[in-house]
Amino acid sequence: MITIKVNDASMSIQIGSTILSILQIQFPDKKEFNGIAVAVNEVVIPKKQWHTYQLQEHDNILIIIAAQGG
């Protein structure tokens with residue numbers, strides 16, 4: 001297990017976990033993740049890399065969800 005931060009909350013995850021696996025944990029009812037941006041240690045990671053980008057001990061993940069409104 002390793003410890004990361006997701007939107008400033010500590011989280012323990014399995015070694016080898018990817019961005020996609022974290023999104024599936026955070027949003028279990030979503031099948032697609034349109035309108036979401038993810039940064040790891042202040043670097044935006046393209047969506048096409050989410051399934052392969054492995055997280056490391058002490059990574060700081062920021063998940064931003066686009067919202068509509070008026």
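These are my notebook entries on a predicted model of a protein, written for someone meeting the structure for the first time.

**Entry 1: the overall build**

I began by asking which elements the protein has and in what order they come. I found one helix and five strands. Read from the N terminus, the order is β-β-α-β-β-β. The radius of gyration is 12 Å, close to the 11 Å that the globule rule gives for 70 residues, so the protein is as compact as a globular protein of that length. I also looked up the extent of the C-alpha trace, which spans about 40 × 20 × 20 Å along its principal axes.

**Entry 2: inside and outside**

How much of the protein is buried? I noted that 30% of the 70 residues are buried. The accessible surface is about 4,900 Å², and carbon and sulfur atoms hold 51% of that surface. For charges, I counted 5 positive and 6 negative side chains, with 9 Å between the centres of the two sets. I then turned to contacts with a separation of 6 or more: 50% of them join residues 24 or more positions apart.

**Entry 3: the nonpolar core**

Next I wanted to know which residues of the largest nonpolar core touch the most other members. This core has 17 residues, and the ones I was after are Ile4, Ile19, Leu23, Val38, Trp50, Leu55 and Ile61. At least two core residues come from each of S1, S2, helix H1 (19-26), strand S3 (36-40) and strand S5 (60-65).

Trp50 caught my eye, and I listed its contacts beyond the neighbours within four places in sequence. The partners are Thr18, Ile19, Leu20, Leu23, Phe33, Ile36, Val38 and Ile45. If you are following along in the 3D view, Trp50 is a friendly place to start.

**Entry 4: the loop before the helix**

Thr18 is one of the partners of Trp50, so I went there next. Thr18 sits in the loop between S2 and H1. Is Thr18 buried or exposed? Its relative accessible area is 13%, and because buried means under 20%, Thr18 counts as buried. Setting aside neighbours within four places in sequence, I found Thr18 in contact with Trp50, His51, Thr52, Tyr53, Gln54 and Leu55. I also checked the distance from Thr18 to Ala66: these two are 48 residues apart along the chain, and their C-alpha atoms are separated by 21 Å.

Gly16 belongs to the loop between S2 and H1 as well. I read a relative accessible area of 29% for Gly16, so this glycine is partly exposed. In sequence, Gly16 and Leu55 are 39 residues apart, yet from C-alpha to C-alpha I get 6.6 Å.

**Entry 5: a look at Gln49**

Where is Gln49 found? I located Gln49 in the loop between strand S4 (43-44) and S5. Gln49 has 33% relative accessibility and therefore counts as partly exposed. I paired Gln49 with Leu20, which is 29 residues away along the chain, and the two C-alpha atoms are separated by 8.8 Å.

**Entry 6: the turn of chain between S1 and S2**

My last stop was the loop between strand S1 (2-6) and strand S2 (9-13), where Asn7 is found. Asn7 is a residue other than glycine with a positive phi, near 50°. At 38% relative accessibility, I put Asn7 down as partly exposed.

Asp8 is in the loop between S1 and S2 too. What is the phi of Asp8? I noted a value near 70°, again positive in a residue other than glycine. For Asp8 the relative accessible area is 66%, and since exposed means over 50%, I list Asp8 as exposed.

Technical notes:
Residues are numbered from 1 along each chain as its sequence is written. This is a predicted model: local features need pLDDT of at least 70, side-chain atom pairs count only at pLDDT 80 or more; totals for chains, interfaces and linings use all residues. Side-chain values use heavy atoms; hydrogens and water are left out. Helices (H or I, at least four residues) and strands (E, at least two) are DSSP runs, numbered from the N terminus. Buried means under 20% relative accessible area, exposed over 50%, partly exposed in between (1.4 Å probe, protein chains only). The radius of gyration is taken over C-alpha atoms; the globule rule is 2.2 Å times the number of residues to the power 0.38. Contact means heavy atoms within 4.5 Å. Accessible areas come from the Shrake-Rupley method with a 1.4 Å probe; for residues, only the protein chains shown count as cover. Lys and Arg count as positive and Asp and Glu as negative; His and the chain ends are not counted. The place of a charge is taken as NZ of Lys, CZ of Arg, CG of Asp or CD of Glu. A nonpolar core is a set of buried Ala, Val, Leu, Ile, Met, Phe, Trp, Tyr and Cys residues joined through side-chain atoms within 4.5 Å.
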